[in-house]
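Q: Please take a close look at a single part of this structure. Begin with one piece, then follow its partners outward.

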Amino acid sequence: MTAALMAPRFFRKQDVSSNLLYRDVGRTPERPFIIKAMLKETSLGDLMSQVACLASIKSQFDHAELHIRYRDIRPYSREVMALAPEIDTAVGIRGHLPVWARLGLPDTRLWHPMARAMDGNKGSWSSFCDLCVSDWMVNIRWLHAIPNSVPFRIPSHMTDELMSELVQTGLDPDKWFAVIHYRASSYLSKRSGQLRNGDPSAYRSLIDHIINRLGGQVVLLGHPELESFPAQEGFVDLSRKPNSFMLQAFATSGARFMMAGPSGPIGLGWGFHIPTGLVDASDGVGGYGPADQVILTHEVTTPDGRCMRNMELFESGLLDYPVLRDKIRAGEAYQVRKNSASELAAVADHMHKICPDIDGWRPPAQAYDGPRPNHLIWPPQTVQNLNYIDV
């Protein structure tokens, strides 16, 4: 990925008929399908799903180019871009005003660099594209409907070093492992999202269950603000390592399965196409990719005593984090119970059972290599893809 956008191939020739712009689009190297995206999102989960969605859109064509401009203000932003080799150029933009300052301005388009990122004119290659994409066009709610989504891949020049580093943490290279992540109130910058938090003691029991009952190893993903768990053989805590996103991504790519709460790292399991159990789910969002995905929601008790989770909770409209949050803030007597240790153990048993062929580290997922439609239907045909597990 270069630091600046390159001219599409058909603009690099001296004499090109204008008819070429409209002939065999996406079918020949001379006329690739050009995608340009402007991403303002910076949260980990949303950014990963957007990148996966864009890469999958590009994969619908035999020949395409994908150029992204994104807000390069988080430690992991560039590394997320590196997980998708389908990206031809990724240009990070810095130096904009923070959200709280922008809210006080009547119109930010004059100064905001994202708004000016692709200005041009009809005679300039820099203003040409077949598809111009904004944040809301590519998110997790569309991704599952795009055929043959492509998996994330660790850059090949980094794999040996990351493998060595992961082994040095104490992980046995000849034995399978699971990756887990949970969201907790100790994560100071996320205090506003308490409904997405899990019970740390339940996840501590989950670690013991995977190691002592299922015979595996556990890698904990996350941020140093998470509660520290006691050291034990077979347990590796990557949350203690600051700015270790790429190492955590590499660990996820080799895991037998993933279990995680509703927080950004769950996107690594979906993105690398490994079996993933979303637990403590607080929103009606399902995974993507061909691997098995299951969901166990938290449990909500309404003011009239009705107790709901999974599909019943979804159909009630309460499996929507902002909706439930606002009701509780308004003083309505809703109670939320997070998944217990026994429930998490039951999900782990299911995840372990559905992938018996993985007795070591998982090999990288392979991208689809079959015929491509060479066209795109938008919006894609979404379906109900929420696969709830009852335990």
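A: What follows starts at one strand and works outward.

This is a predicted model, where local features need pLDDT of at least 70, side-chain atom pairs count only at pLDDT 80 or more, and totals for chains, interfaces and linings use all residues. Residues are numbered from 1 along each chain as its sequence is written, and side-chain values use heavy atoms, with hydrogens and water left out.

The setting first. The protein has 12 helices and 13 strands. Helices (H or I, at least four residues) and strands (E, at least two) are DSSP runs, numbered from the N terminus. Of the 391 residues, 51% are buried. Buried means under 20% relative accessible area, exposed means over 50%, and partly exposed lies in between (1.4 Å probe, protein chains only).

The part to look at is strand E5, residues 177-181. E5 is largely enclosed by the rest of the structure, because 5 of its 5 residues are buried. Which residues point which way? Phe177, Val179 and His181 point one way from E5, while Ala178 and Ile180 point the other way.

Now the partners. Strands of a sheet pair through backbone hydrogen bonds, either parallel or antiparallel. Here, two strands count as paired if DSSP finds at least two bridges between them. E5 runs parallel to strand E6 (residues 217-220), and 4 bridges join them. Val179 has Val219 as its bridge partner in E6. E5 also pairs with E8 in the parallel sense, over 4 bridges. There, Val179 stands opposite Met258, and Ile180 has Met259 as its bridge partner. Val179 thus turns up in both pairings, with Val219 in E6 and Met258 in E8.

Stay at His181 for a moment. His181 sits in E5. Is it buried or exposed? His181 counts as buried because its relative accessible area is 6%. Contact means heavy atoms within 4.5 Å. Leaving aside neighbours within four places in sequence, His181 contacts a list of residues including Tyr203, Leu220, Gly222, Leu226 and Pro265. Met259 and Ala260 are also among them. Those two belong to E8, where Met259 lies on one side and Ala260 on the other.

Move on to strand E8, residues 257-260. Both of its faces are covered. Phe257 and Met259 are buried on one side, and Met258 and Ala260 are buried on the other. E8 pairs with E9 in the parallel sense over 3 bridges. In that pairing, Met258 stands opposite Thr276 in E9. The chain goes from E8 through helix H9 (residues 266-271) to E9, and this β-α-β crossover is right-handed. Right-handed means that, with the strands pointing away from the viewer, the path from the first strand over the helix to the second runs clockwise.

E8 and E9 lead to a helix further along. Both strands are among the elements that cover the buried residues of helix H12. Helix H7 (200-213) and strands E10 (293-297) and E13 (335-337) are among them too. H12 covers residues 341-353, with 13 residues in total. H12 reaches 18 Å from its first C-alpha to its last, close to the 18 Å expected at 1.5 Å a residue. That expected span is 1.5 Å times one less than the number of residues. An α-helix has 3.6 residues a turn, so residues three or four places apart point the same way. The buried residues of H12 are Glu343, Leu344, Ala345, Val347, Ala348 and Met351.

E13, one of the elements covering H12, has a sheet of its own to look at. An open sheet of 3 strands has the order E12-E11-E13, with antiparallel pairing. Its edge strands are E12 (307-308) and E13, each pairing on one side only. Strand E11 (residues 299-301) runs antiparallel to E13, and 3 bridges join them. Val300 stands opposite Val336 there.

Cysteines come last. Cys307 counts as partly exposed because its relative accessible area is 39%. Cys355 counts as buried because its relative accessibility is 3%. How many disulfides does a search of the whole structure find? It finds 0. A disulfide here is a pair of cysteine sulfur atoms within 2.5 Å.
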